[in-house]
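Me: I would like to go through this model and ask what each label rests on. Please set the values against the cut-offs.

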Amino acid sequence: MSLAHRIIPCLDTDGERVVKGVQFVNLRDAGDPAALAARYNVEGADELVVLDIAASRDHRPTFLETIRRVAAELAIPLTAGGGVATVDEGRAILRAGADKLTVNTAAIRNPELLTVLAAEFGSQAVVLAIDAKRAGDHWEAFVRGGSVATGLDAVAWAHQGVERGAGEILITSMDRDGTRSGFDCALTAAISRAVRVPVIASGGADTPETFLEVFREGRADAALAASIFHDRIQGLGELKRYLGERGVSVRQTG
Amino acid sequence: MNIALVEYGAGNLPSVERALTRLGVESRRASTPEALASSDVLILPGVGHFGALMHSLTERSLVNPLRNAVARGVPLLGICLGLQAMFATSDEAPGDAGLSLFPQNVSALPPTGRLPHMGWNQLRRVRPSTMLEGVPDDAYFYFAHSYAALDAGEAGVALCDYSASFVAVLEQGNVFATQFHPEKSGPVGARVLSNFVRRAGGKQ
């Protein structure tokens, strides 16, 4: 008996439709979030993440409606975020049906936000999302959808974020995002060693071997991917069977 | 049969409601002492902080109506923090009294594993369980918590081992509870909810 490693499909949305791009640019339409959510719920996803990558205030009501539509399809946990900067915005997302919130840019600008959100909703509901890019011998955290460098060391920021109240870290390698060249195991392992909360690895998912690597070498608790699932390049059941056969604890379904 | 979800601001109430709807089970929300008193079955959802939950129940004058309902034999299901609230005290809020249906304390899980205990885990069954009827022994359930009841005496029917052995399913007379979230635990979670509803006397 042991805690299963989670496989998490991610829906990047413009608030309303699922979109995808390579290294945070060149976005194109990839479907209806509720339809994809329904599919992943049946196919054995352990959790679903839905992000509003546009995160403009004008679109917020649309995104909340998207969360409601997605949540209605799920009997698994739902994490949502994108542009959350206040307790009220966090509450709106949770009330719409999410179990957890991701916070990114606003937490770097105001780390106290993590403390306030954790006090209000519990640490288990606060996921600190970090977009990191290799910079020499370390990784730098970026904000605003990966467009603005912060000068912050991603590993140090993860550690500080947990001290502030984050209950989970979602670490995205900007170097690997959308490239299908494997997760950044060195980055994920560095984050994993620096914190005592669960770590979700993101960016670079490809073959089942890349998941095996990120669970073993990257010491990830969960792995997130988007296009390989959306485009049916990788089936969830097949991926979990592969991992299970190699001794990784996973929740087998069906 | 009148099934009521106790409404006091719990974040997961709508999820539980949706899970019941998927089972074809009608429920309503109860946020007043009168509404609790007129319910045949009660469900106490919960997520967040022990102290905040108890303050919220106290502000709405729901503590005694809940305890009285249990004393009358009304079936009660506690979920996650709703399980923890059934105990006398919690390390999470040392000054605050719980519902005290069980005399023990809720403990902080020791930091030997990553906390929160977040994700899908299996159970170790130690006594016959109504709620786990028809559920495969190796089934996974979704947990998200850092505190847990390490001991509930004979009421603990299934345990989970993570950092410590803790009570994952609790059953005693008309009182039922799960530390995991059945409403987020896929088909096996739905089975647990339907087992509770059936035991409580309603349709499946």
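Reply: Two strands pair if DSSP finds at least two bridges between them. The model is a predicted one.

Me: Why are strand β1 and β2 of chain B called a pair?

Reply: The cut-off is at least two bridges. Strand β1 (residues 3-6) of chain B and β2(B) have 3 bridges, in the parallel sense, so they count as paired. Within this pairing, B:Leu5 stands opposite B:Arg29.

Me: What makes β2 of chain B an edge strand?

Reply: β2 (28-30) of chain B pairs on one side only, and β8 (124-125) of chain B does likewise. They stand at the two ends of the order β2-β1-β3-β4-β13-β12-β11-β8, an open sheet of 8 strands with mixed pairing. Strands of a sheet pair through backbone hydrogen bonds, either parallel or antiparallel.

Me: How do you know that chain B is as compact as a globular protein of its length?

Reply: The radius of gyration of chain B is 15 Å, and the globule rule gives 17 Å for 204 residues; the two values are close, so chain B is as compact as a globular protein of that length. Its secondary structure comes to 6 helices and 13 strands. The C-alpha atoms of chain B fill a box of roughly 45 × 40 × 30 Å along the principal axes. Buried residues make up 56% of chain B. Of the contacts in chain B between residues at least 6 apart in sequence, 69% join residues at least 24 apart.

Me: Why is B:Ser163 called partly exposed?

Reply: A buried residue needs 20 or more other C-beta atoms within 10 Å, and an exposed one has 12 or fewer. B:Ser163 has 17, so it falls in between and counts as partly exposed. It lies in the loop between β11 (156-162) and β12 (164-172) of chain B.

Me: What makes the phi of B:Ser163 worth listing?

Reply: Most residues other than glycine have a negative phi, and most peptide bonds are trans. The phi of B:Ser163 is near 70°, a positive value in a residue other than glycine. A:Arg144 also has a positive phi, near 55°. A:Arg144 lies in the loop between β8 (138-143) and β9 (148-153) of chain A, and with 14 other C-beta atoms within 10 Å it is partly exposed.

Me: How do you know that the bond between B:Leu115 and B:Pro116 is cis?

Reply: Omega is about 0° for the peptide bond that joins B:Leu115 and B:Pro116, and this bond is cis. B:Pro116 is found in the loop between β6 (102-108) and β7 (117-122) of chain B.

Me: Why is A:Ala189 not called buried?

Reply: The cut-off for buried is 20 or more other C-beta atoms within 10 Å. A:Ala189 has 18, so it is partly exposed. A:Ala189 lies in helix α7 (residues 185-194) of chain A. Leaving aside neighbours within four places in sequence, A:Ala189 is in contact with A:Glu217, A:Gly218 and A:Arg219. A:Glu217 is 28 residues away from A:Ala189 in sequence, yet their C-alpha atoms are 6.9 Å apart.

Me: What makes A:Ile169 stand out in the largest nonpolar core?

Reply: That core has 157 residues, and A:Ile169 is listed with A:Leu48, A:Leu101 and A:Ala223 as having the most contacts inside it. Among the residues that A:Ile169 touches are A:Leu128, A:Ile130, A:Val197 and A:Ile200.

Technical notes. Residues numbered from 1 in each chain as written. Chains lettered and ligands numbered in written order. Predicted model: local features only at pLDDT ≥ 70, side-chain atom pairs only at ≥ 80, totals over all residues. Core = buried A, V, L, I, M, F, W, Y, C linked by C-beta atoms within 7 Å. Contact = placed C-beta atoms within 7 Å. Helix = DSSP H or I, 4+ residues; strand = E, 2+ residues; numbered from the N terminus. Rg over C-alpha atoms; globule rule 2.2 N^0.38 Å.
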